[in-house]
Every structure is written in structure tokens, then in C-alpha cells.
Amino acid sequence: LVRRITCGALLMGDPCQAMYEGAMRRIGDMSCQTLMQELSDCGFRNMEMRGNHRQTGDLSEYLEDIRFALLSGDETAEQRKLNDFRNWVSDSWQRINIQSLSQTLGDGDLVLCMNNGEAAMVTQELYDMNPVLLHSMTQPPRHASLAAWIAKCLQGNDGKLLSYEDFMTNAGNFGVEHAGDRWAILSSLDGHGDGDWLHIPELLDALRRPESLPGDCLNLDKKGTLVSTVQRARGTQAERVFWLDGSMMYSNMEASQTFGDTMRAAYVASSRARREIRFVDGMWPSLRMVAGDRWISVGKSKGKRSEFVKSVAMQPGDVDPASFAGNTVGLDAQAALSQMEKGMTVDLYPDAGMNAFEIYFDGLPLGYTSQAFTKSLFVGFAEVNGNESWPSRIPDVYVTDIISVVGATGEDLDADIAASGCWLALELGGFPTLEWY
């Protein structure tokens with residue numbers, strides 16, 4: 001492609017923030033550095049736009065030194081500059097222990113981790129604090145969940161129409177704020193412009209396309225502290241950044257990940273801070289990535305002769321959305337979900353017949369985890385010790401969001417809930433511990 005360009009300009013990102021160089025090498029694709037060399041060979045003239053105007057002077061100067069070391073490709077220089085920067089940060093701002101984060105973090109702070117495993121461990125720590133520290137975790141760009149107010153306000157519709165009066169009654173019963181504005185949003189989506197009725201089939205069809213929905217329809221709440229991987233933090237800025245000063249390499253990760261890759265991660269993490277960056281210390285368990293991007297922590301038996309899966313990182317897609325509308329628990333589950341909030345906990349009990357875990361809240365069954373979660377968990381068991389048995393339960397799994405589900409299909413759905421086409425479900429997160437006995 002670049003060999004056929006004869007005029008104009010090609011705008012490229014900072015090669016020092018090329019976080020996927022390892023992945024590019026694994027698939028045999030061109031790295032950022034190789035592409036830049038190719039452009040130079042094709043006659044492109046390199047013009048660099050420099051200057052970090054969002055950071056304080058000293059922080060910007062140190063990061064510029066790291067950047068030049070990265071561009072040099074000299075690993076010794078990279079290591080020296082990274083050590084200088086770490087020493088300067090530690091002298092400038094007090095290091096924070098993970099157990100002290102609740103007294104330190106505030107609204108708008110950013111906690112950065114190397115990977116999703118570390119991020120899940122941090123969210124577990126923040127949920128475990130008393131009181132729970134308000135926070136959110138960045139999700140993959142493809143992930144989008146509908147806000148809970150939608151299912152609450154559409155409750156009881158017959159699958160065809162819902163009146164303005166019934167909508168407002170539901171909103172009042174469930175404490176939904178700004179009900180008038182939210183009626184106007186949904187009314188604009190059904191394509192009819194009818195001020196008295198919502199046309200449910202057309203509305204549900206619009207809600208299935210989250211990429212075109214207004215933000216009020218989605219779970220986009222980013223209040224409090226934001227926990228993120230470095231890869232997902234590009235473009236994000238904060239006055240204060242807290243960077244996990246833990247392992248950057250894991251024993252079972254691909255050998256193609258180099259020190260330069262970890263250096264770029266440290267550079268991106270540090271460049272997110274406008275004013276202050278602090279290192280976070282903590283006792284991090286042995287993390288391992290299995291089955292794609294599923295993270296587990298590995299423990300040792302009492303005699304330390306064998307390993308076992310101690311805990312597992314939960315992900316938003318680990319539930320079966322249709323199961324929350326099942327005909328045996330659907331109505332009770334929906335009533336419970338309408339009162340639940342982010343930060344509450346549920347317990348997971350194995351149901352081998354369903355090849356999933358049943359989700360309980362205060363002794364009430366709500367639904368099931370996905371079979372994909374079961375598969376990835378048993379892949380982890382196989383890799384660690386070959387175990388084929390289910391744990392007795394997974395207690396105290398944190399709820400990260402209450403969501404609305406539109407148009408999910410499944411067997412044995414409650415007829416009334418299925419007819420409405422929309423119901424409540426939940427998403428899970430954190431890094432809960434498995435109970436084996």
C-alpha cells in the first residue's frame with residue numbers, strides 16, 4: 001500500500017506507544033518500527049511533532065529521556081533510564097501499599113496494570129475494602145451493556161406497545177431518575193415519533209445496536225477511580241496515576257514479549273499522568289493466563305508438592321443472559337435484580353447437569369454462568385494439575401453492573417418476560433477464590 005502512495009501525508013502514532021509489537025511479531029506482520037523504515041525507503045520524509053503539554057515539566061523531561069532510549073533500541077540504555085525514572089518517582093512521591101489505596105485514591109484517579117489479570121486483582125482489592133471504593137474497570141471496545149433503567153421502565157409490556165403512563169409508573173416504582181428525558185430517548189429510537197406509546201419491536205431492534213445508541217442507554221459510568229490495563233489507557237489522562245510495581249512478565253506468556261515491550265508499557269503508563277505518578281506495592285499471587293485471555297492465580301497445596309487453581313478472574317461475558325428469565329426463577333430473579341446494586345456479591349454453585357454454575361443472591365437463585373466460563377475454567381484446571389472435579393462453590397463474586405438484556409434466546413423462558421423482549425441481568429468481576437472442600 002505505501003509503495004503506491006505518491007503524495008500527501010501519512011499520520012502515525014508514537015512508536016514508543018506501540019503496545020502490540022509482540023502480537024505483530026507472532027503473526028508475522030510488520031511492526032511499527034519496520035513500517036517507519038519502509039516508509040523512509042519509499043521516500044517519505046519523517047516529521048515529528050513533539051512536546052507533551054499536559055504534564056508537569058519534570059515528569060515530561062524524564063519521560064522524554066525514556067522515549068529517546070526506546071527509539072535507540074539499546075536495551076542497556078532502556079534499563080538505565082527506566083531505573084533512573086523509578087528512583088526519581090519513588091523519591092518524589094510516596095510509594096503506596098495496595099492495602100492503603102482506600103485512603104489514597106479519589107475521584108478521577110487512574111490505576112494502571114500490565115494485563116487483565118493484574119486489573120482483576122486490583123478490582124478485587126478495591127471491592128474488598130470497607131467501605132467498597134467506588135471504581136470502574138475499562139472493558140474491551142467491543143463490550144457494551146445496556147443500562148438497567150431500560151428493562152425496569154419497559155417491564156410488563158406485551159411485546160407490542162407500552163404507554164407513557166405505564167412507563168412513568170414503572171420509573172416511579174423503581175426509582176428511575178430523569179424519567180421524562182428517558183422516555184424521550186426511547187421514543188426517538190422506535191422510529192414512530194408517537195408521544196403516547198412506545199412501539200416495542202422497533203425499539204428492541206434499535207437497542208440491539210449499541211454502537212448507535214446515546215450514552216444514557218449504556219453502562220458508561222466512570223465515576224470514582226478507573227482501573228485499566230495500559231493497552232486500554234491510551235488516550236486516557238488523569239492528574240494522578242497509580243502504576244502497579246509488580247511483575248511485568250509471566251512464566252507462561254509468549255517468549256516473543258521482550259524487554260522493549262515492557263518498557264513501552266511503562267512509558268505509556270507514565271505518560272497518562274498530568275501531575276503525579278505513584279508506584280503501588282503488593283503481594284501478588286502467581287498469575288497465569290489460560291484459554292485466550294482468562295487469568296487464574298495458582299496456589300500450592302499444604303505440603304507444597306502440587307499446585308491448584310486458587311482463584312479466577314471474572315469477566316462481563318461470564319453469565320448466560322437468557323437464564324435470568326427462566327420460567328422457574330425468572331419473576332423472583334427479576335424482582336431481586338431490580339433491587340441489587342454494583343458492588344454486591346453473589347455465590348456460584350456448580351450444576352454439572354447444566355455444565356455451569358448457578359448464581360445465588362442471599363439464597364435466591366438468579367441465573368447461570370455461561371458454558372464458555374466453565375470451559376475456560378476447566379482448561380485452567382487441566383494446565384495446572386489435570387483436575388477434572390468441580391469446586392464446591394465460588395463465594396463472594398462481585399457484581400460489576402446490573403444490565404438490561406434485549407432479545408436473548410434460550411429454553412424454558414418465563415412466557416411474560418420473554419414476550420416483553422427485555423429483562424434484567426448482571427455482570428461479574430473481580431478475582432474470587434474457589435472453595436474446594
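# A tour of helix pairs and single residues

The crossing of α7 and α8 is right-handed. Contact between the two helices is made by Y164, F167, M168 and A171 on α7, and by A179, G180, R182, W183 and L186 on α8. Sorted by class, the residues of this α7 with α8 contact are 7 nonpolar, 1 polar and 1 charged. The model on screen is a predicted one.

To see the geometry of this pair, select residues 164–174 for α7 and residues 179–189 for α8. Their axes lie 10 Å apart and make an angle of about 135°. Angles over 145 degrees would count as roughly antiparallel; α7 and α8 are therefore oblique to each other.

**Stay on α7**

Select F167, N170 and A171, which are buried in α7. Viewed down the axis of α7, the buried residues fall within an arc of 100°, so they line one face of the helix. What do the buried residues of α7 pack against? Display α6 (148–154), β5 (161–163), α8 and β6 (197–199): the buried residues of α7 pack against these elements. Now turn the helix over. The exposed residues E165, G172 and N173 are carried on the face of α7 turned away from its buried side.

**The loop from α7 to α8**

Move on to G175, just after α7, where phi is positive at about 70°. Next select H178, which lies in the loop between α7 and α8. H178 also has a positive phi, near 55°, and is a residue other than glycine. As background, most residues other than glycine have a negative phi. Is H178 buried or exposed? With a relative accessibility of 52%, H178 counts as exposed, since the cut-off for that class is over 50%.

**A second helix pair: α3 and α4**

Select residues 57–72 for helix α3 and residues 75–92 for helix α4. The two pack at an angle of about 165°, and their axes are 8 Å apart. An angle over 145 degrees counts as roughly antiparallel; α3 and α4 are therefore roughly antiparallel to each other. The crossing in which α3 passes α4 is left-handed.

To colour the contact, take these residues:

- from α3: D58, L59, Y62, L63, D65, I66, A69, L70 and S72;
- from α4: A77, E78, K81, D84, F85 and W88.

In the contact of α3 with α4, 9 residues are nonpolar, 1 is polar and 5 are charged.

**Helix α2 and its end**

Go next to helix α2, residues 32–41, and select C32, E38 and L39, which are buried. These residues cover an arc of only 120° around the axis, which puts them on the same side of α2. Keep E38 selected, in helix α2. Its relative accessible area is 17%, and E38 is therefore buried, the limit being under 20%. Add R3 to the selection: E38 and R3 are 35 residues apart in sequence, while their C-alpha atoms are 8.8 Å apart in space. Following α2 is G43, with a positive phi near 100°.

**H135 in strand β3**

Select H135, found in strand β3 (residues 135–137). The relative accessible area of H135 is 2%, so H135 is buried. Which residues does H135 touch, not counting residues up to four places away in sequence? Show T123, L126, Y127, K223, T225, V227 and K342: these are the residues that H135 touches, with that exclusion.

**Last stops: D396 and Y437**

D396 has its place in strand β16, residues 394–406. Although D396 is not a glycine, its phi is positive, about 55°. The relative accessibility of D396 is 44%, so D396 counts as partly exposed.

Finish at Y437, in the segment after β17 (422–429). Is Y437 buried or exposed? Its relative accessible area is 91%, so Y437 is exposed. Select P391 together with Y437 and draw a C-alpha to C-alpha distance: the two are 7.5 Å apart in space and 46 residues apart in sequence.

Methods
Residues are numbered from 1 along each chain as its sequence is written. This is a predicted model: local features need pLDDT of at least 70, side-chain atom pairs count only at pLDDT 80 or more; totals for chains, interfaces and linings use all residues. Side-chain values use heavy atoms; hydrogens and water are left out. Axes are lines fitted to C-alpha atoms, for helices over the stretch in contact, and angles run from 0 to 180 degrees between N-to-C directions. Helices (H or I, at least four residues) and strands (E, at least two) are DSSP runs, numbered from the N terminus. Angles under 35 degrees count as roughly parallel, over 145 as roughly antiparallel, 65 to 115 as roughly perpendicular and the rest as oblique. A crossing is left-handed if the near helix is turned anticlockwise from the far one by less than a right angle, and right-handed if clockwise. Contact means heavy atoms within 4.5 Å. Ala, Val, Leu, Ile, Met, Phe, Trp, Tyr, Cys and Pro count as nonpolar, Asp, Glu, Lys and Arg as charged, and the others, Gly among them, as polar. Buried means under 20% relative accessible area, exposed over 50%, partly exposed in between (1.4 Å probe, protein chains only). The arc is that of the directions from the helix axis to the C-beta atoms.
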